[in-house]
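Got the viewer open and a selection tool at hand? Let's walk through this one stop at a time.

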Amino acid sequence: MSSARRVAGTISQHALLIIASAMALFPVYVMVTAAFKTQASFLDHPWAPVADPSLDGFRAALNDQFPRWFGNTVVLSSSSVVVTLLVAALAGWGFAHWAFRGRDYVLGVLVALMVVPPVVLLVPLFVFGVRIGQISTFRLVILIYVGLMLPFSVFMLTNFFRTIPASLIEAAVIDGASSWRVFRRIVLPLSAAPLITLGVVNLLWVWNELLIALVFLQDDSKKTLMVGITGFQSRYSLNVPAIMAGLTLATLPIVIVYLFGQRFFVRGLVAGAVKGE
Amino acid sequence: MSSGTVALSSPTRRRRLRLGRVEPLVWIAPAVAIVVFVFGYSMFELVRTSLRFDGQWTTDNFRVAWTDPTFRTALGHNARLLIAVPILVATSLLLSILLFEGLRGWRFHRWALFLPYVLAIPVIGVVFGQLLQLNGLVNQLLRVVGLGGLAQDWLGQPQWALWTMTAVIVWRELGFGIVLFLARLLSVPSDIFEAGRIDGARFFRLHRRITIPQLTGVIVFYVIVEAITMVSWVFNYVYVMTNGQGGPGDATQVTELYIYQMAFQYQSPEIAAAAAATLFAATLVLIAIFFRIQRKSGVGLDE
């Protein structure tokens, strides 16, 4: 009896997984296939795989302001991620290497800040931005993004730096290396994996961020991809392939990063839950 | 000559010594400065704005916000979204255990199940907005399988819109739970499970007795993260799927959208600040409750 039951069990487990995966992939499938259809063929056969690929949707999307939004998002996300990594690495080393008074207190506050919803910060920062005339500039938005990413980034890097064997550091210090040199020559080279992980997780967040971009980048020439595609759907309500082509292009970079760096995503997301990973 | 060298080197040495004391502060200074500006300054200003009107100190802003039916509706909707949390925990628990069973193709399934979490919420919102229309693919699918009677305008019916939204949120957030739980399971020494299997424990028994206790820590973490998400991170879904309106009517109005509209559409930053302060306080209460439960049940996040 048990073997028959076991087979039935395995089959139902497989079936559950397949259904779940199909549900997870279905919207993505529709998005990508619709992007390669014409409006007419999409209406006729919305589910069917692409029989006769058409690039009209992509052409319509690219002729719109899409390329500019894309460029804005690339500039914003790359610069804020780089600045975050740099500032967080410096701070992480400061926290990990020296036991100064109040250190654990400051670290505790940083961890607590991870739960502050960005919408809480929105109004005061906007008022500030208006006062100094920095609305619709990348500078202020980058600063805000860096600030929002720092608590988790510092926390994660501090935890990692603490795992670097003290003997390595001591040897270098005895050789007369300055702490900057130790940081550059020993700490950073050992930290490639966590830095990449952090970079990937932060990139995902900035690339997909909507609220702050919506409020702070009102000028048409400064809009990001996410703000742009949100307005896209009403303008192209009669051209689904154009919408889907735009969405596909907006998603592509992240999916490529995901395809090649899945483990970095996983590691980064798990890092919050499992200390020191 | 020799006294010259001493004179040259001693200031350097002294400077190094002095730096030794404050050196860590130099390393953390840039991060602290940015965090103090983005969080410290804003939170201070938020409280100040929420307590002032026309140059006077007052609590009227809070009174106005709390008696505004729209704000109450919004808070109620956030509370209703919390229903997604147990659904998320149960579903991702089941799916992560299935992945952990190591069935053929589990790596592909892991990849597929996690993909929604990587996609941008605006992208998801627009795609689902299309799928869920009256003549969209979801309804077509229902008609094909003979459930055409259920077909409707999922985001356009006031009584359904918030539930539809909840389903979309679950669709995306599930991936995070699955990956989190699976990563934890893969780090548990496998002999624990082997011992259970040799004892002849079957699927449900094995996982209830052995797997779930191993996961308690990450489950608590996931519950906290998702509860915070439902209360204070759903703006993107609502904004994109309802064109920034929280409609139909106020059927999908949430606190974040209320704050956004108050500040940027109705030009009342004071009311928005009071609402934001309330939201923040609610988040803190939620976290405090969870940490209490967690302490009582004796579970650590890091174990």
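## A loop in chain A

Start by selecting A:S136, which sits in the loop between α6 (118-131) and α7 (138-161) of chain A. Keep in mind that this is a predicted model. Check the backbone here: the phi of A:S136 is near 60 degrees, a positive value in a residue other than glycine.

## The helix after that loop, and a partner

Now show α7(A) together with helix α4 (residues 66-97) of chain A. Their axes come within 7 Å and cross at roughly 40 degrees. That angle makes α4(A) oblique to α7(A). As for handedness, α4(A) passes α7(A) in a right-handed crossing.

## Zoom out on chain A

Colour chain A by domain: the assignment gives domain 1 (2-35) and domain 2 (67-232 + 252-271). Note that domain 2 of chain A is written as two segments. If you place a marker at the C-alpha centre of each, domain 1 of chain A and domain 2 of chain A are separated by 36 Å.

## Over to chain B

Do the same colouring on chain B, with domain 1 at 2-50 and domain 2 at 64-296. Here the C-alpha centres of domain 1 of chain B and domain 2 of chain B lie 42 Å apart. Four residues from domain 1 of chain B and six residues from domain 2 of chain B make the contact.

## A bent helix

Next, select helix α10 (residues 203-232) of chain B. How far apart are its end C-alpha atoms? They are only 37 Å apart, although α10(B) has 30 residues and a straight helix at 1.5 Å a residue would reach 44 Å. Centre the view on B:T216 and look along the backbone: α10(B) has a kink of about 55 degrees centred there.

## Its neighbour

Add helix α8 (residues 158-186) of chain B to the selection. α8(B) has a kink too, of about 35 degrees, centred on B:E173. Its end-to-end span still agrees with expectation, because 29 residues at 1.5 Å a residue should cover 42 Å and the end C-alpha atoms of α8(B) are 43 Å apart.

Now look at the pair. The axes of α8(B) and α10(B) come within 10 Å and cross at roughly 150 degrees, so α8(B) is roughly antiparallel to α10(B). To see the contact, show B:E173, B:G177, B:L180, B:F181, B:R184 and B:L185 on α8(B), then B:T211, B:L215, B:V218, B:Y222, B:E226 and B:T229 on α10(B). B:E173, then, belongs to this contact and is also the centre of the α8(B) kink. The crossing of α8(B) and α10(B) is right-handed.

## Last stop: a cis peptide

Finish with B:P248, in the loop between α11 (235-241) and α12 (255-264) of chain B. Is the peptide bond from B:G247 to B:P248 cis or trans? That bond is cis, with omega near 0 degrees.

Note on methods. Residues numbered from 1 in each chain as written. Chains lettered and ligands numbered in written order. Predicted model: local features only at pLDDT ≥ 70, side-chain atom pairs only at ≥ 80, totals over all residues. Domains from an automatic or database assignment. Helix = DSSP H or I, 4+ residues; strand = E, 2+ residues; numbered from the N terminus. Expected span 1.5 Å × (residues − 1). Bend = angle between axes of the 7 residues up to and from the residue. Axes fitted to C-alpha atoms, helices over the stretch in contact; angles between N-to-C directions. Parallel < 35°, antiparallel > 145°, perpendicular 65-115°, else oblique. Left-handed = near helix turned anticlockwise from the far one by under 90°. Contact = placed C-beta atoms within 7 Å.
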